[in-house]
Amino acid sequence: MFRSILVAVDGSPNADRAVSAAAEIARVHGSKMTICHVFYIPEHYRSDMSGSLRDSVRHDGAEILAHAARVAAKEGVEAETRLLSEGHPAEAVIQLAEELGIGLLVAGARGRAQDDTRPMGSIATAILLGAGCSVLLVKKEKATA
């Protein structure tokens, strides 16, 4: 059913949970797994950024992907990684999913933002509404007393 899985990560703990969930599905179904990260710099900031700052953001993105690949490997799944730099994060992820013919797109329901007043973050919502494939949004674990 899910021959190919794309996991979008942002470096948050919930992204690690999404990678683990996707890896479990990939293992069960024998799916190919790709992990992507979008390092998005809004256009109005690009002209003010030095090349070294852009390189630093790109490097951070590569580190986020390397960490996510290690999480997948711990689950017994080898994953390809893709660092994306063009477009809004949700749009870039959806476009990559279409290009790769993805059957399941996985992401954390909430990312790095600390706003816990909404059940899903804005990127997760945009992915859910815009993706042309099945979507799994992984929630963070509830705190236990």
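Student: In this predicted model, in which loop is the place of Ser 31?

Tutor: The model is a predicted one, and within it Ser 31 has contacts beyond its neighbours within four places in sequence, namely with Phe 2, Arg 3, Ser 4, Ile 5, Ile 25 and Ala 26. As for its position, Ser 31 belongs to the loop between helix 1 and strand 2.

Student: Does Ser 31 count as buried or exposed, and at what relative accessibility?

Tutor: A residue is called buried under 20% relative accessible area and exposed over 50%. Ser 31 falls under the lower of these cut-offs and therefore counts as buried, at a relative accessibility of 10%.

Student: In what order do the 5 strands of the open sheet stand?

Tutor: The pairing in this open sheet is parallel, and the twist from one strand to the next averages 20 degrees. Strands 1 and 2, at residues 4-8 and 32-38, pair in this parallel sense over 5 bridges. Read across the sheet, the order is 3-2-1-4-5.

Student: Why is one side of strand 3 and of strand 5 left without a neighbour in the sheet?

Tutor: In the order 3-2-1-4-5, strand 3 (79-84) and strand 5 (134-138) stand at the edges. One side of each is left without a neighbour because each has a single partner strand.

Student: Which residue in strand 2 is the bridge partner of Val 7?

Tutor: Ser 4, Leu 6 and Ala 8 point one way from strand 1, while Ile 5 and Val 7 point the other way, and all of them are buried. Leu 6 stands opposite Thr 34 in strand 2. Val 7, whose contacts beyond four places in sequence include Thr 34, Ile 35 and Cys 36, has as its bridge partner Ile 35.

Student: Which helix supplies the largest share of the largest nonpolar core?

Tutor: This core has 22 residues, of which Ile 5, Val 7, Val 9, Val 19, Met 33, Ile 35 and Val 106 touch the most other members. At least two residues each come from strand 1, helix 1 (13-29), strand 2, helix 3 (51-74) and strand 4. The largest share, 6 residues, is supplied by helix 1.

Student: How many residues make up the second, separate core that includes Val 93?

Tutor: Val 93 lies in helix 4 and is buried, with a relative accessible area of 3%. Not counting residues up to four places away in sequence, Val 93 touches Leu 6, Ala 8, Cys 36, Val 38, Leu 84, Leu 105 and Ile 127. The second core, which also includes Ala 8, Ile 102 and Ala 109, is made up of 20 residues.

Student: At roughly what angle do the axes of helix 4 and helix 5 cross?

Tutor: Two packed helices are described by both the angle and the distance between their axes. The axes of helix 4 and helix 5 (residues 122-130) come within 9 Å, and their crossing is right-handed. The angle at which these axes cross is roughly 35 degrees.

Student: How do the residues of the contact of helix 4 with helix 5 divide into nonpolar, polar and charged?

Tutor: Helix 4 contributes Pro 89, Ala 90, Val 93 and Ile 94, and helix 5 contributes Ile 123, Ala 126, Ile 127 and Gly 130. These residues divide into 7 nonpolar, 1 polar and no charged.

Notes:
Residues numbered from 1 in each chain as written. Predicted model: local features only at pLDDT ≥ 70, side-chain atom pairs only at ≥ 80, totals over all residues. Heavy atoms only, no water. Pairing = 2+ DSSP bridges. Helix = DSSP H or I, 4+ residues; strand = E, 2+ residues; numbered from the N terminus. Axes fitted to C-alpha atoms, helices over the stretch in contact; angles between N-to-C directions. Left-handed = near helix turned anticlockwise from the far one by under 90°. Contact = heavy atoms within 4.5 Å. Nonpolar A, V, L, I, M, F, W, Y, C, P; charged D, E, K, R; others polar. Core = buried A, V, L, I, M, F, W, Y, C linked by side-chain atoms within 4.5 Å. Buried < 20%, exposed > 50% of the residue type's maximum accessible area, 1.4 Å probe, protein only.
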